[in-house]
Structure formats: structure tokens, C-alpha cells
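Visitor: Hello! Could you walk me through this model, one question at a time?
Guide: With pleasure. Here it is.

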Amino acid sequence: MQMKKAMAISMIAAAISASAVTPVFAQTASVKQAAQISTASFLVNANPVTVRTVVDGGVTLASVRDMTNAIGATLHINSDHTVVVKFGDKTLKLKIAAKTININGVATALQHPAIEVAYSTFIEPTAFVEALGGTYEDNNIHTVQLLDSAEHAIWVNSKQLIVSNTAGEGREDFLVDAVTGKYELLLASSDTSDLILSPDGKSVAYSDANGAVFTIDLSTKQAKQVSTDSSIKNELQWSKDGSSIFFLQGDKSSVIAKLAIADGKVSKVLEDKVDYKANLEVSADGTKFAFYVFKQPKVTADSSKDVELDDVAIDATGTEPQIYFYNSTVGDNKPVQLTKEATDKVFLKLAADGSKVSYVSVSSDEASVGQLVTVDNTGKASTPLFADKDVYQLVQGGSKLYLLTADGNSTNAIYEIDSATGTNKLVQTVSDSATELVVSDSSDFAALIDGQLAVSVQGKWKNITN
């Protein structure tokens, strides 16, 4: 009895040992013993993935499980060993060695039967992808039609973004699914301002060339005119409670004004007769404002010369943008100039409580780097917060600040900044081809990379446009 038991254990051990050193073997008669698994690079909706493949009878077959995972479908195996894949409104059923597959109850012929290798099912990829409503060509799988490009983007919520592209003489704005890349046209327009998202994420607003302001309900896609006021409106900004929209008024952006959504009434917040304001920022309570002021260069012409010669001298001294702060709750208050240095200043951000502003300072020296600076609303304290690397962009996501910086080794880095303490932490890396970082209030990340919009999914970047 002991001898038989020892022999049985020995035989099991030998079988396990043999399987451990044999990388690929057949489980059914539908597979030739010589079938060998390899891998191939596929593009699935513009994203690179690795898919296991085998060659059977000169035909390349791909792993059903790998393709299912790549397109975001679900897979399970019934008790009768039927493979079931569900994707959208399609349900595919497949049995090993069968010459047909079943799609929503309808059988479709296969030119090459599926096989099983090392407990994985392999099928001719064209048949599999097309059965689920997609297209396949040269290791390229498309299950949704993606936008051809992306020029600008904003997060709506964790599941959607608005992507804007130039279209002829105008612009097209699309709602894009952050997971699949599926899109729908939201607005086709010309001579309109950029769309701004309401604080509740349920609508967007914009102004047209005549000064009229419209909102679009993102659930119904219905537009509504909320103001007929004909003054020019620049730099639209929602109030935190969504009841009004602030903007810079006039062809020289001289006035800070407010539009009440309920009745379309426009009122002036600041009229200081200072022209060329820009990059309006508003505090959460709608009482404090930060903005740039640009001075125009001095242009002089020699009166002794013919006007047609267009011989003029332009003096740009002192025209660098300067940052101002205004508190509308203080009577007879005037804007306070917060900066005086002769550097370019970009990516202006006002803290939610209006206590400080942050921006990136860039010297005209070609060798200089962008540096993050914060200034309190009196202009007395100027503090560089991030001096280790070249800063390309400053973004606000909710109450947090994020930087896109140089990192080297073909990557850029994204840092989260604590504006109170100046401490920072690395949160993500991205290709050094990234030109724009997009962050939601809940810290979802997206980036424009070589004209494609990519979203960060568990630390990896996934393209949702072509």
C-alpha cells in the first residue's frame, strides 16, 4: 500500500515538474502541439497594448482575454466551457474549435476556428473585433471613433471633459468620455468666448461677438440666452454660488463687471479708468479680484519722413504685465499693485480666500527658468516656492496648486504644491511633449501631448483623442 502511494506521488511530482519547464502546451485536440505563444504590440483606440498571439496553420490568432481587457469589455466562461464576452449592447459566445461565433443569438461563420493554448482562447482578431462592432486593421483596433485632435480641454467631472478645436473660422466644442473617448458635439460657433464650467458642473457659459451671454445645460445640450446686454465681455468667470458671472467689460477691458444670471442685469464692480486688464481671477466669495494690467508701448514717428514709409520707433520699456489686487468690500478702495519687477508673469491664480496670488515669473533672459512665486494681497511678501526645476505651467485643481515642470529623461513632472508652507510632492510624470496640464477639482489629471488628449488612469496615460 505504501509502495503504491509512493509511486502515485512520484508520478504527480513528475507531471508537475514537466509542466513547469514546458511554457506552452495544448489542452484540446484543437491545438497543434507546436503552438507557441508570443506577444505583439497592438493599438487599441490609439493606446498601445501588448497582446498574446499564436500562429496556427499560418494564421495569426490573438488572445481573447487580452483583447477583451484592452477594449474594456467583460469576459466569463460558462460551465460548458463557452467563452462569453459582453461589450456595450453586444454579447459574443464562442466555443473552442467551433467554426462559428454567436453574436446576440445570431451565428456568424469563422474563416479560422478558435483554439486553446495554455488555458487561453485565441481567435482571429478581425472576426472578434468586428463581431463587437469595432474595426481591425494591421494590429489597430478601434471600438469607438475618436476625435482627430485636441487643442484645449477642461474637466466637467471625473467621467467627462470638454475638448475644443479650431474649425474653419470658428470653433467646435465636444463632450468627451474620459474612459472610452466617445464624443458628441456640444457647440459649433464663431466669434465666441471659451466655454466656462459652472461650479456645480451642470452647465457652461459663453459670450458671443455681440456681447450676449448664453448657458448650455450639459444634460440636455439645450442653450439658453441669459443676457442681451451688448457690451463686450472678456475673461468670463463664474461666481462660486453660480448666481452670477464676472467679466472684463469693454474693448480695452477697462471695467470689472458682474452679470446676474437670474435677470441678466449687468452692474459695475470696478471702474478705475485703467485699460488693458487681463486674466481676471475672483475669490470664492466674489468680493476680491486679481488681474494683470498691461501698458502699451510708446510709438513715435519722425514727422519729417513720409507717413507711407511707416518708419516708427517702438519703446516697450515698462510694458511687462503687473499684478493688481482689488477688494470690493472696502469703501473707496483702489486696486493695489502687487508686483513691480520687469519679468513676464503667467498663469495667475488667486487663492480661494483672496489672501494671496500665485504666478510663474519668467525673465526675458533666454537662459532663465520659470519660477513659481506667491505674493500676499498687500504686495509686501513675495516668496519663490519652487526653484529647483523649470516651471512650464501652473494649474489650480480645487484648493490645490499643481506644476508642470521639466524633469529630464524624456519626461516632465507634475508636482502638488502646498501654497501655505511651500512644500511640494511629486504626484505624476508625463511625456516631455506635454504642452498643457488639465486638472479637475477632484485631482483628475489630463494632458495635451502632441495634439492628443490623454488622461491618467492608475498612473498610466491613456489617449482619448487621436
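Guide: First, a cut-off that we shall need: buried means under 20% relative accessible area, exposed means over 50%, and partly exposed lies in between. Please also keep in mind that this is a predicted model.

Visitor: Is Val-312 buried, partly exposed or exposed?
Guide: Val-312 sits in strand 28, which covers residues 312-315. Its relative accessibility is 40%. Because that value falls between the 20% and 50% cut-offs, Val-312 counts as partly exposed.

Visitor: Which residues make the nonpolar surface patch that includes Val-312?
Guide: The patch has an area of about 280 Å². Val-312 contributes to the patch, and its partners there are Val-299 and Ile-314.

Visitor: How confident is the predictor in the protein chain, as a mean pLDDT?
Guide: Confidence varies along the chain: over residues 1-33, pLDDT stays under 50. For that stretch the model has 24 contacts beyond four places in sequence. In the protein chain, 89% of residues reach 70 or more, and the mean pLDDT is 88.

Visitor: How many strands are there in the protein chain?
Guide: The protein chain has 466 residues, of which 42% are buried. Its secondary structure comprises 3 helices, and the number of strands is 42.

Visitor: What share of the exposed area do carbon and sulfur atoms supply?
Guide: The protein chain exposes about 24,600 Å². Of this area, the share from carbon and sulfur atoms is 50%.

Visitor: Which residue is the bridge partner of Lys-349 in strand 32?
Guide: Strand 31 (residues 344-350) pairs with strand 32 (residues 356-362) in the antiparallel sense, over 5 bridges. The two form a hairpin with 5 residues between them, and Gly-354 in the turn has a positive phi of about 75 degrees. Across this pairing, the partner of Lys-349 is Ser-358.

Visitor: Is Ser-207 buried or exposed?
Guide: Ser-207 belongs to strand 18, residues 203-207. Leaving aside residues up to four places away in sequence, Ser-207 touches Asp-191, Thr-192, Ser-193, Ala-212, Val-213, Lys-233 and Leu-236. Its relative accessibility is 3%. Because the cut-off is 20%, Ser-207 counts as buried.

Visitor: How many salt bridges does a search of the whole structure find?
Guide: One of them joins Asp-173 to Arg-171, with the closest N and O atoms 3.0 Å apart. Another brings together the side chains of Asp-285 and Lys-288, at 3.3 Å from N to O. The search of the whole structure gives a total of 11.

Visitor: Which residues are linked with Asp-173 in a network of salt bridges?
Guide: Asp-173 forms a salt bridge with Arg-171, and both of these residues are buried. The network links Asp-173 with Arg-171 and Asp-194.

Visitor: In the salt bridge of Asp-285 and Lys-288, which residue is buried?
Guide: Asp-285 has a relative accessible area of 49%, so it is partly exposed. Its partner has a relative accessible area of 15%. Because that is under 20%, the buried residue is Lys-288.

Visitor: How many residues apart are Lys-400 and Glu-416, whose side chains meet in a salt bridge?
Guide: Their side chains meet at 3.9 Å, N to O. Lys-400 lies in strand 36 (residues 400-408) and Glu-416 in strand 37 (residues 411-417), so the pair links distant parts of the chain. Lys-400 is partly exposed at 35%, whereas Glu-416 is buried at 17%. Along the sequence, their separation is 16 residues.

Visitor: Where is Ala-46 found?
Guide: Ala-46 has a positive phi, near 75 degrees, although it is a residue other than glycine. With a relative accessible area of 15%, Ala-46 is buried. Its place is in the loop between strand 1 (38-44) and strand 2 (47-56).

Visitor: What is the phi of Asn-139?
Guide: Asn-139 lies in the loop between strand 11 (135-137) and strand 12 (140-142). Its relative accessible area is 26%, so Asn-139 is partly exposed. The phi of this residue, which is other than glycine, is positive and near 65 degrees.

Terms used: Residues numbered from 1 in each chain as written. Predicted model: local features only at pLDDT ≥ 70, side-chain atom pairs only at ≥ 80, totals over all residues. Heavy atoms only, no water. pLDDT = per-residue confidence, 0-100. Contact = heavy atoms within 4.5 Å. Pairing = 2+ DSSP bridges. Helix = DSSP H or I, 4+ residues; strand = E, 2+ residues; numbered from the N terminus. Patch = residues over 30% accessible without salt bridge, like charges linked within 9 Å, V, L, I, M, F, W, Y side chains within 5 Å. Areas by Shrake-Rupley, 256 points an atom, 1.4 Å probe, with all protein chains shown as cover. Salt bridge = Lys/Arg side-chain N within 4 Å of Asp/Glu carboxyl O. Buried < 20%, exposed > 50% of the residue type's maximum accessible area, 1.4 Å probe, protein only.
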